[in-house]
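Trainee: Got a minute? I'd like to walk through this model with you.
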Amino acid sequence: MGWPWSEGGPDVRRGRLLSSRAVSRFAELLDDFFFRPDEDVSGLQDFAAGSDGVASVTPEEVPEEYLAFRLEGESYAVPIRAVREIAKVPPLTEIPRAEPQLLGVLNLRGELLPAYDIKVRLGLAERAPLVAGPDAPVPPRDARILVLRTQTGPAGVWVDSVSGVVKLKPSMLEPPPPSLRLGDRDCVVAIGRRGPSLFILLDPEQALAS
């Protein structure tokens with residue numbers, strides 16, 4: 001009779017069978033754990049590189065609305081939040097010895113507001129036109145008064161025409177060119193480009209400054 005742990009004993013053969021099954025089960029576990037050569041491991045590579053597996057999303061730019069208008073054939077714009085209303089040009093009352101860019105005073109539904117011409121400030125004209133008083137000609141059909149909100153109260157600005165509202169993202173804005181005159185640099189805050197259109201963005205407060 002052989003010993004239970006002898007090479008040919010039934011206990012040894014049973015142990016070998018159990019050991020063989022354990023090795024086979026362990027191989028299955030390893031197969032589940034490791035990736036096969038033909039398996040897609042891109043997700044694991046992203047994780048190893050420090051990614052959470054979700055594609056990075058660039059924050060979407062929030063556009064700002066501007067009111068675009070024309071002055072001497074050029075396109076200008078101011079933030080829409082600075083515009084209180086747009087009005088047709090009413091009769092203006094002339095003010096003697098007023099500052100050069102003050103056209104006069106307008107009566108807007110009982111509210112007296114100063115009306116300015118910023119063309120001189122921007123270098124688009126040498127002097128403000130005569131648009132107030134009994135000798136003033138009839139305003140052009142497309143001319144409008146923009147009533148702007150300022151720190152000193154609402155004020156009117158004469159424009160040749162209103163183009164409409166334009167939305168500009170921060171990436172569409174460029175700094176003013178260095179070739180601008182010193183006075184214009186205070187008024188112009190940026191150049192906006194939207195497709196083929198170009199807009200000169202103004203700071204209303206500086207544009208109305210003397």
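Mentor: Sure, we'll take the overall make-up, then the strands, then the cavity. Keep in mind that the model is predicted.

Trainee: What does the secondary structure come to?
Mentor: Four helices and twelve strands.

Trainee: And what share of the residues is buried?
Mentor: Of the 210 residues in the protein, 30% are buried. The protein exposes about 14200 Å². Carbon and sulfur atoms supply 56% of that area.

Trainee: What about contacts between residues at least 6 apart in sequence? How many of them join residues at least 24 apart?
Mentor: 56% of them do.

Trainee: On to sheets. What is the strand order in the open sheet of six?
Mentor: E3-E7-E8-E6-E5-E4, and the pairing is mixed.

Trainee: Which strands stand at the edges?
Mentor: Strand E3 (83-88) and strand E4 (92-93). Each has a single partner strand, so one side of each is left without a neighbour in the sheet.

Trainee: E5 and E6 are in that order too. Parallel or antiparallel?
Mentor: Antiparallel, over six bridges. E5 covers residues 102-108 and E6 covers 111-116. Across that pair, Val105 stands opposite Pro114 in E6.

Trainee: Let's jump to E11. Which strands does E11 pair with?
Mentor: One is strand E10 (residues 173-174), antiparallel over two bridges. There, Glu174 stands opposite Ile191 in E11. Strand E12 (residues 197-202) also pairs with E11 in the antiparallel sense, over six bridges. Arg193 has Leu198 in E12 as its bridge partner.

Trainee: How many residues sit between E11 and E12?
Mentor: Two, and the strands form a hairpin. Gly195 in the turn has a positive phi of about 65 degrees.

Trainee: New topic. How many cavities of 30 Å³ or more are there?
Mentor: The count comes to one. About 50 Å³ of space lies in the largest cavity.

Trainee: Which residues line the largest cavity?
Mentor: Phe69, Val78, Ile118, Leu146, Leu148, Val157, Leu202, Pro204 and Ala207. Strand E7 (144-148) and helix H4 (204-207) are the elements that give two or more residues to that lining.

Trainee: How does the lining split by class, nonpolar, polar and charged?
Mentor: Nine nonpolar residues, no polar ones and no charged ones.

Trainee: Back to E7 for a second. Where is E7 in the sheet order?
Mentor: Between E3 and E8. E7 thus ties the two topics together: E7 is in the six-strand sheet, and E7 also gives two or more residues to the cavity lining.

Notes: Residues numbered from 1 in each chain as written. Predicted model: local features only at pLDDT ≥ 70, side-chain atom pairs only at ≥ 80, totals over all residues. Heavy atoms only, no water. Buried < 20%, exposed > 50% of the residue type's maximum accessible area, 1.4 Å probe, protein only. Contact = heavy atoms within 4.5 Å. Areas by Shrake-Rupley, 256 points an atom, 1.4 Å probe, with all protein chains shown as cover. Pairing = 2+ DSSP bridges. 1 Å grid on protein atoms, 1.4 Å probe; cavity = no way out; pocket = protein on both sides within 12 Å on 5 of 7 lines; lining within 4 Å. Points joined across faces, edges and corners; volume = space filled by probe spheres on them. Nonpolar A, V, L, I, M, F, W, Y, C, P; charged D, E, K, R; others polar.
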